[in-house]
Amino acid sequence: MSGLRILVGCKRVIDYAVKVRVRPDKLGVVTEGVKHSMNPFDEIAVEEAVRLKEKKLASEIIVASCGPQQNQETLRTALAMGADKAIHVLVEDKDYSNLQPIHVSKLLAKIAAEEKVDIVLLGKQAIDDDCNQTGQMLAAILDWPQGTFASKVVKKDGSLDVTREVDGGLETINIKLPAVITTDLRLNEPRYATLPNIMKAKKKPLTTKKPSDYGVEIKSSHQVLSVEDPPTREAGQKVESVDLLVAKLKEAGFMKS
Amino acid sequence: EMLLFPELDKYEDVEHLNELIAPVERFFTENVDSQSIDIEGEIPKELIRQLGELGLFGQQIPHEYGGLELDATGYARMAEVTAMDASVAVTFAGHQAIGLKGILIAGTREQKEKYLPKLATGEQLAAFCLTEPSSGSDAASIQTRATLSEDGKTFHLNGGKIWITNGGIADVFTVFAKTEVTDEQGNREDKMTAFIVERAFGGITSGKPEDKLGIRGSNTCEVHFDNTPVPIENVLGEVGGGFKIAMNILNSGRFSMGSSGAGMLKKLIGFAAEHAISRTQFKEKLMNFGLIQEKFSTMAVTTYAMESMAYLTALNLDSYVEPDLSVEAAIVKVFSSEGCWNCASESLQVLGGLGYMKTYPYERYLRDARILMIFEGTNEILRLFIAMNCLKYAGKELKEFQKLLRNPLKNPSAMFLFMRKMSSRKPKKVMHLNEELHPTLQHEAWMLEQWTQYLEKAVQKLLRQYGNSIIDEQFHLKRLADMAIDLYAMTACIGRTSRSLCMGLKNNDHEKTMTQLFCKEAVHRLENNFEAIMSGDQSNGDDLRRQIAEKVFTEHGYAASHPLTKNKF
């Protein structure tokens with residue numbers, strides 16, 4: 001029985017519940033001392049991979065993450081959820097600000113080829129940069145079909161039926177393996193890593209690599225000009241009559257006098 | 001040596017603990033509906049199953065039996081998170097801190113293999129059965145009996161226990177009962193024995209769940225044993241050795257109240273602070289008013305002291321083989337329970353009327369906190385325990401002179417010299433504590449050293465004055481205990497702050513400020529207690545207290561004539 005080999009990409013981001021604050025230099029947000037966790041969409045990807053393994057459709061799950069030393073926490077959480085081994089592509093803090101989806105997709109492409117995977121599962125986007133690019137770029141580099149915004153994945157013979165969430169509703173496509181899938185919110189509900197599993201995860205293999213091991217250079221092609229808070233919400237005004245409303249709108253310049 | 005705040009050996013150990021904490025914290029935030037647990041008075045079975053799956057029922061059970069094998073520090077850290085829901089926290093504590101702890105510390109290999117695996121997953125729950133209607137603090141007076149059968153193979157258990165946590169839902173009970181023990185001389189005596197009892201043995205009935213003020217989701221009920229057969233293989237430890245086991249069990253879990261209390265307070269401080277920052281009255285934010293600032297400073301400092309003491313104790317428990325930190329654990333429990341009650345009340349006060357409403361969690365935390373001063377050894381009993389220990393150590397030193405003191409006329413010159421020495425002894429910098437610490441804490445270190453010596457002085461005075469009957473002088477014992485509590489708290493705060501300063505931890509200057517305030521306030525309390533001890537019962541009000549209490553008991557209630565009373569003529 002040859003089960004599918006799955007690669008799942010995980011990103012370590014600021015926890016969704018944290019109130020994000022802009023850095024004083026206005027070139028980013030405060031990350032130090034702030035709670036971080038796995039990107040929620042990546043958790044859904046890991047969960048989907050583990051479920052495929054539990055259904056005996058997958059035989060091995062490899063998780064990978066690109067970033068500084070702390071990303072190992074994220075990888076260990078994935079191992080605790082049920083992944084088999086982890087690859088950490090170490091990107092030092094100073095280079096991390098230059099790391100873009102293009103680099104990540106190149107790294108993941110190399111890892112996917114090396115590990116001879118059949119499916120790459122990624123979150124549809126990261127909740128810190130909201131790029132929504134890595135999956136698509138990766139599929140292009142590998143020249144593999146892609147099923148993005150997946151809310152359901154069913155294995156068929158040598159292919160996958162992927163139900164996608166699109167603006168008009170749900171679209172189901174059939175894509176040949178090997179393929180890239182990006183997960184959307186309603187694909188599944190990720191499990192909590194149980195404490196005994198967290199302890200077992202310590203024994204699972206975690207290898208550290210460098211971007212240069214994969215022939216990828218982290219060179220930034222753009223520069224952050226500024227990061228600002230959204231404008232503070234102004235208080236609304238209540239008016240007593242329609243005439244008064246029209247008057248106020250004219251006053252504010254929203255209507256021609 | 002106590003001032004060197006202990007460390008987890010490696011950075012990885014700290015990281016590992018944090019990894020374990022994260023999913024639990026998340027689970028509690030997302031999945032535990034404390035409000036409905038409080039209203040329904042029950043923890044849903046499904047939640048218990050999920051908590052078991054997470055591994056939380058076997059925190060201190062060894063790996064080989066399916067547990068997490070957390071040490072004292074790990075357990076304390078986890079307690080900070082589980083404290084988010086007091087009913088769940090108490091259910092855990094009833095199960096593992098006391099319910100199955102006996103098997104862990106006194107069980108044979110067979111007993112461990114038989115019971116621990118199912119207890120670790122939460123498939124079976126455990127309960128600790130000691131308290132009876134007429135035996136609360138006076139645990140040695142229990143009347144539940146275990147009689148040995150003719151063939152010597154089975155004990156039969158008869159009696160009733162009350163207020164048993166998990167009593168209605170547990171399958172495995174640690175039961176304490178009186179057994180007739182015959183010693184080598186053939187004398188028969190009733191001594192306490194501990195038994196592992198399965199509900200399946202039969203004859204066990206649980207009463208209906210008690211309707212409580214707080215921790216309403218925790219199952220508390222009566223448990224009755226009607227000729228319950230218990231095989232002798234289920235004796236825990238030795239026949240007749242039950243009291244010691246009970247005390248060891250209770251001592252071993254106590255310190256975690258410090259970290260669970262701190263966990264709860266940190267949350268409350270956060271909620272209340274958000275309110276104080278955003279609420280405006282008299283055109284100002286609440287946070288700008290002095291009376292509000294005072295509350296937050298009190299809450300923060302109390303939490304800091306609680307946390308510091310809890311981890312100082314836990315880390316030391318883990319660092320030494322067979323440590324006896326029962327006094328320190330008792331101190332942590334007394335301080336934390338009272339600190340939680342007071343600070344929960346203060347945080348409620350910050351919210352004003354809103355704090356009183358059930359739509360906000362403050363009133364629930366306050367109700368949940370009230371039990372802390374009562375269970376696991378009432379604070380009154382623990383204070384006596386702490387004080388007796390102070391006396392024990394000082395007493396040993398004074399043994400020589402005690403003979404003189406009992407009979408001063410026998411050797412008056414030695415007596416005189418001793419008195420001179422004792423009264424003139426001003427605290428000297430004997431310990432040189434300040435040399436071990438960060439230089440900015442010199443003053444606090446000196447205060448600590450000085451007041452430790454004053455405590456010694458107070459102890460000596462009491463022993464001289466009362467001798468062995470000091471054990472009946474509870475007004476004074478309380479003062480000694482309070483002094484010891486303040487000193488241990490100061491030790492923990494100073495040690496921790498020194499470490500933070502030396503390591504350059506974030507906000508360490510804030511820690512220093514808190515330690516400075518704590519020490520200042522602690523010294524005030526120490527001064528008052530010392531004064532009251534040294535000045536004697538006629539000056540410190542104790543004589544008056546006794547008289548007043550006596551009158552209230554004679555009159556069966558409040559005894560003063562009503563203020564409106566007039567004489568007829």
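Helices are DSSP runs of H or I with at least four residues, numbered from the N terminus. In this predicted model, three such helices of chain B, namely α2 (34-40), α5 (86-99) and α13 (362-370), each supply at least two residues of the lining of the second largest cavity.

The search for enclosed space yielded two cavities of 30 Å³ or more. The volume of the second largest is about 40 Å³. Its lining consists of S34(B), D38(B), D85(B), A86(B), S87(B), I215(B), R216(B), R364(B) and D368(B). By residue class, this lining comprises five charged, two polar and two nonpolar residues.

One residue of this lining, R364(B), also takes part in a contact between a charge and an aromatic ring. The charged end of R364(B) lies over the ring of Y365(B), at 5.3 Å from the ring centre. A further contact of this kind involves R370(B), whose charged end is placed over the ring of W341(B), 5.3 Å from its centre.

Contacts between aromatic rings were examined throughout the structure, and 11 aromatic pairs were found over all chains. Among them is the pair formed by F27(B) and F28(B), which is edge-to-face, with 6.4 Å from centre to centre and an angle of 75° between the planes. The angle places this pair in the edge-to-face class because that class takes planes over 60 degrees apart. F27(B) and F28(B) are both buried. Together with Y192(A), these two phenylalanines make up one aromatic cluster, and the cluster thus includes residues of chain A and chain B.

Another aromatic pair joins Y454(B) and F530(B); it is tilted, with the ring centres 5.0 Å apart and the planes at 55° to each other. Y454(B) belongs to helix α16 (residues 442-466) of chain B, whereas F530(B) belongs to helix α18 (residues 508-535) of the chain, so the pair ties together parts that are 76 residues apart in sequence. Both Y454(B) and F530(B) are buried.

Chain B also carries an annotated domain. The UniProt record, an unreviewed entry, places the feature "domain: Acyl-CoA oxidase/dehydrogenase middle" at residues 127-227 of chain B. Over residues 127-227 the model of chain B is 51% strand and 0% helix, and the C-alpha atoms at the two ends of this stretch are 19 Å apart. Among the residues that line the second largest cavity, I215(B) and R216(B) fall within the annotated range of 127-227.

Notes
Residues are numbered from 1 along each chain as its sequence is written. Chains are lettered from A and ligands numbered from 1 in the order in which they are written. This is a predicted model: local features need pLDDT of at least 70, side-chain atom pairs count only at pLDDT 80 or more; totals for chains, interfaces and linings use all residues. Side-chain values use heavy atoms; hydrogens and water are left out. Rings of Phe, Tyr and Trp (its six-membered ring) pair if their centres lie within 6.5 Å; planes under 30 degrees apart count as stacked, over 60 as edge-to-face and the rest as tilted. Buried means under 20% relative accessible area, exposed over 50%, partly exposed in between (1.4 Å probe, protein chains only). A charge sits over a ring if NZ of Lys or CZ of Arg is within 6 Å of the ring centre and within 35 degrees of the ring normal. UniProt positions are given in the numbering used here, feature names are shortened, and annotations may be inferred rather than shown by experiment. On a 1 Å grid over the protein atoms alone, a cavity is a set of points where a 1.4 Å probe fits but cannot get out, and a pocket is an open set with protein on both sides within 12 Å along at least five of seven lines; lining residues have an atom within 4 Å of a point. Grid points are joined across faces, edges and corners, and a volume is the space filled by probe spheres set on the points. Ala, Val, Leu, Ile, Met, Phe, Trp, Tyr, Cys and Pro count as nonpolar, Asp, Glu, Lys and Arg as charged, and the others, Gly among them, as polar.
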